[in-house]
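Here's a quick briefing on a protein model, pitched for someone just getting started. Take a look at it first, then read on.

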Amino acid sequence: MNSYRILLYLHIAPVVVGLGTTFAFPILQAAGEAQGTGATRFAIRTTERLEKLIVNPAVVLLFLMGLGLIFDDHTGYRDDFPLWLGVAIAWFLAAFALSNVVQRRNLSRALQLLDGTPDDAPLPAAYLAHAPRIRIVGAILGASALGILFLMVWKPGQ
């Protein structure tokens, strides 16, 4: 097995494991909200834990292996860098920042809004007003993952 295949595998596996996990986050949030405050708090904490233990390490590995692929002689991208790849990398970095700055803050704020509310109580009005932010940013991140995947597979202009 050559270095290209190893790098490619180590680039694709984190996509499946790390980014695949994130598509369950809206389901967790919705299921929690349907069950009340305690379940919502659990869902958000679970999302944060999955981000910390699975998603973020996978995303870092994905990025590093992608850089390795750029400089691997098999791709030829070191000498002829395609526009679609530049767009994908910029989009990836923007999505990474959105996730680790905006969405992380959204989740922290949601937990603050639930703080002090009994587990069996209805969701506080302040949380209900804030929750759509989590969903909107999550949708943007999901669309970003699919858009970047499209660029990686389709390679427009190549």
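Let's start with one residue: L53 has a relative accessibility of 49%, so it counts as partly exposed, a class that lies between the 20% and 50% cut-offs. Keep in mind that this is a predicted model. You'll find L53 in helix α3, and it also belongs to a nonpolar patch on the surface.

**The nonpolar patch**
- Joining L53 in this surface patch are I12, V16, V17 and I54, and together the five have about 430 Å² of accessible area.
- Two helices, α1 (3-22) and α3, each chip in at least two residues.
- The largest share goes to α1, which brings three residues to the patch.

**Helix α3**
- This helix runs over residues 37-71, which makes 35 residues.
- At 1.5 Å a residue it should span 51 Å, and its end C-alpha atoms sit 49 Å apart, so the two values agree.
- There's also a bend in α3, of about 45 degrees, at E51.

**The whole protein**
- You can count five helices and zero strands here, so to speak an α-α-α-α-α pattern when you read along the sequence.
- Along its principal axes, the C-alpha trace spans about 60 × 30 × 20 Å.
- Of the 158 residues in the protein, 39% are buried.
- The accessible surface comes to about 9400 Å², and carbon and sulfur atoms account for 68% of that.
- Among contacts with a separation of 6 or more, 79% link residues 24 or more positions apart.

Definitions and conventions. Residues numbered from 1 in each chain as written. Predicted model: local features only at pLDDT ≥ 70, side-chain atom pairs only at ≥ 80, totals over all residues. Heavy atoms only, no water. Helix = DSSP H or I, 4+ residues; strand = E, 2+ residues; numbered from the N terminus. Expected span 1.5 Å × (residues − 1). Bend = angle between axes of the 7 residues up to and from the residue. Patch = residues over 30% accessible without salt bridge, like charges linked within 9 Å, V, L, I, M, F, W, Y side chains within 5 Å. Areas by Shrake-Rupley, 256 points an atom, 1.4 Å probe, with all protein chains shown as cover. Salt bridge = Lys/Arg side-chain N within 4 Å of Asp/Glu carboxyl O. Buried < 20%, exposed > 50% of the residue type's maximum accessible area, 1.4 Å probe, protein only. Contact = heavy atoms within 4.5 Å.
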